[in-house]
Amino acid sequence: MKRSYYIIGGLALTISMPSCLQAQTTQPKDTTMTRTVVVEQEYNPDIMDASKVNVLPKVEEPTVSKKEVEYATTFFPATSVPADLMRPYTGKEVQPGTTPGYVRAGYGNYGNLNVLANYLFRLSQKDKLNVRFQMDGMDGKLTLPFTDSEKWNAFYYRTRANVDYTHQFDKLDLNIAGNFGLSNFNFQPESVNSKQKFTSGDFHAGIHFTDETAPLRFNAETNLLMYERQHNMFNESEANTGIKETIIRTKGDVTGAIGDQQLITIALEMNNLLYNGYTKNVYTGDEYFKNYTTLLLNPYYELDDDDWKLHIGANVDLSFGFDQSFRISPDITAQYIFSDSYIVYAKATGGKQLNDFRKLESICPYSELPEANTTLGYVQRPYDTYEQINGSIGFKASPYPGLWFNVFGGYQNLKNDLSYLGFDPSNTHSIPYLSFAQDNTDNFYFGGEISYDYKDILGISAKYTYRNWDSKTEEYLLAVKPASEMSFNVRIHPISALNINLGYDYINRKEVKEYAKMTAINDLHIGASYNVFKGVSVYAQVHNLLNKKYQYYLGYPTEGFNFLGGLSFRF
């Protein structure tokens, strides 16, 4: 018996051949063999760097690539849980075999809860159904800043449920998905509201053309997104103050290939935003939430050869109804590759950033909508942010196997940049609350990152970014902007069953005179997982080892020294 070994997508496959086929004889034999190899990608539940929750404005550096080269992907923000809660488990769990099911459950000293369940139903070779449930949260007493050690019995729970179905045709993938979300939390004492609830749900249907060799390709999808903010006035005892947002989002693109290395694409996205509920002044009839439509057109040309990778296009944005506008911004990326693993790149992008209710929650869940009437407490929708330009240049290189570094710098200009401010956050006699606010801002930034991986035993990465923000009229908004960010991570895999992670995150903010200076985030954390036996692992993670008092959101404390531990199963 002769065995042939093939490597497909990182999996080693062994195909056995009858001994009669090991050598050809002078008498050919008519033998036909058909082999079908199906490789299924295993569900990966790992949460990469979930401790680095992105609660602050970020600047995205260009993503560059080189044939046969992969960059270290260490720095990924996690959005599954608010930053002031205990982060979900971040360790890397390595289990052999392909298993369709995964369950993880953990609990911590602040009532921290981390539950995840996922199962992949392989209905047939072309049909797959994935079901997922996740819940994160906390319930414990936190010490409020700007007070004499006053305690706050805080709670925050986020629940997510997802169903995703895919059918594979010969050259098309049909995808249908549904998602549900629920956020329940309370505000600090004496706030304008005592609690809040966000409810979201969406439906997705789309087709994806999978034949990359075809001269003409296309993708199309439609989405129905629903979201409700339960309380939106300064007096939550008022009835019917909830506001519902419905977005009908249609997206599509058509790509035409020009040879093997060039293509032209035209992408289009349309958003129809509809509002109902407490959307206008009941006394005057003034509307503060108006229905409107946005059209986003993105034509571009791409070249990808051995040395150059070019992406040249434009973002054309139109709005009808609320926030009527017509804007154009660049969509250009260029990178030159030399000596196999050295890259110089430049990037200039921009475009509209929808400030829908989902975006508001990601920026600051505790913040109220901006006031439209100070007497009656009516609220209004913020304008959409427009990134006029985000330009950067940089250099990436790999001078040694496993070692990568990247240095970059750039400039960003934002119109109606959405942030939030606090009203007298240091004055304990005032009512503490946060409110969304906007202004035109500029941002100069520079930084660097480096990573090193030695086989599957050791991984080290570090990143630093400095930003210089400027606001022409609303300097208060800069108090919550990051001035400098630093992170350091070490991953150790000494034996097959054990993984250890050590990390440190630091975020400093700018001091605004006569207003506020937020305490810098200073989080030293460590975690580990151990494979007890096949399919079963135990894990533990500790954050804020230095027991520092800092704020992710202005006036809202984070947990002190906190611990989370639990079990995970694959089946």
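Colleague: Asp-340: buried or exposed?
Modeller: Exposed, with a relative accessible area of 58%. The cut-off for exposed is over 50%, so Asp-340 counts as such. Keep in mind that this is a predicted model.

Colleague: Where is Asp-340 found?
Modeller: In a loop. β14 (325-338) comes before that loop, and β15 (342-353) follows.

Colleague: What about the phi of Asp-340?
Modeller: Positive, about 70 degrees. Asp-340 is not a glycine, though.

Colleague: And Asn-547, what is its phi?
Modeller: About 55 degrees, so to speak on the positive side, and Asn-547 is no glycine either. Asn-547 lies in the loop between β26 (536-543) and β27 (551-553).

Colleague: Change of topic. How many helices and strands are there in the protein?
Modeller: One helix and 29 strands.

Colleague: What share of the residues is buried?
Modeller: Of the 571 residues in the protein, 48% are buried.

Colleague: And how much area does the protein expose?
Modeller: About 28,200 Å². Carbon and sulfur atoms supply 57% of that area.

Colleague: What about contacts between residues 24 or more positions apart?
Modeller: They account for 61% of the contacts with a separation of 6 or more.

Colleague: Let's talk confidence. What is the mean pLDDT?
Modeller: The mean is 83, and 80% of the residues reach 70 or more. Over residues 1-81 the pLDDT is below 50. That stretch still has 160 contacts in the model beyond near neighbours in sequence. Residues 84-96 are also below 50, with 73 contacts of that kind.

Colleague: How should coordinates be read where pLDDT is low?
Modeller: Not in detail.

Colleague: Next, the largest nonpolar core. How many residues does it have?
Modeller: It has 54 residues. Those with the most contacts inside the core are Ile-243, Phe-289, Tyr-366, Tyr-420 and Leu-554.

Colleague: Which strand gives the most to this core?
Modeller: β20, residues 403-422, with four residues.

Colleague: I was looking at Val-379. Which strand is that in?
Modeller: Val-379 lies in β18, residues 378-379.

Colleague: Why does Val-379 count as buried?
Modeller: Because its relative accessibility is 4%, and the cut-off for buried is under 20%.

Colleague: Which residues is Val-379 in contact with, leaving aside its neighbours within four places in sequence?
Modeller: Asn-232, Ile-243, Tyr-288, Phe-289, Leu-369, Pro-370, Glu-371 and Ala-372. Ile-243 and Phe-289 were also named for the core.

Colleague: How far apart are Val-379 and Asn-232?
Modeller: In sequence, 147 residues. In space, 6.9 Å from C-alpha to C-alpha.

Colleague: Last topic, β24. How do the side chains point along that strand?
Modeller: They alternate along residues 498-509. Asn-499, Asn-501, Gly-503, Asp-505, Ile-507 and Arg-509 point to one face and are buried. Leu-498, Ile-500, Leu-502, Tyr-504, Tyr-506 and Asn-508 point to the other face and are not buried.

Colleague: How many bridges join β23 to β24?
Modeller: Eleven, and the two strands run antiparallel. β23 covers residues 482-495. A hairpin of two residues joins β23 to β24.

Colleague: What is the bridge partner of Ser-487 in β24?
Modeller: Asp-505. Asp-505 belongs to the buried face of β24.

Colleague: And how many bridges join β24 to β25?
Modeller: Ten, again with the strands antiparallel. β25 spans residues 521-533. Within that strand, Ser-529 stands opposite Asn-499.

Definitions and conventions
Residues are numbered from 1 along each chain as its sequence is written. Side-chain values use heavy atoms; hydrogens and water are left out. Buried means under 20% relative accessible area, exposed over 50%, partly exposed in between (1.4 Å probe, protein chains only). Contact means heavy atoms within 4.5 Å. pLDDT is the predictor's confidence in each residue, from 0 to 100. A nonpolar core is a set of buried Ala, Val, Leu, Ile, Met, Phe, Trp, Tyr and Cys residues joined through side-chain atoms within 4.5 Å. Accessible areas come from the Shrake-Rupley method with a 1.4 Å probe; for residues, only the protein chains shown count as cover. Two strands pair if DSSP finds at least two bridges between them.
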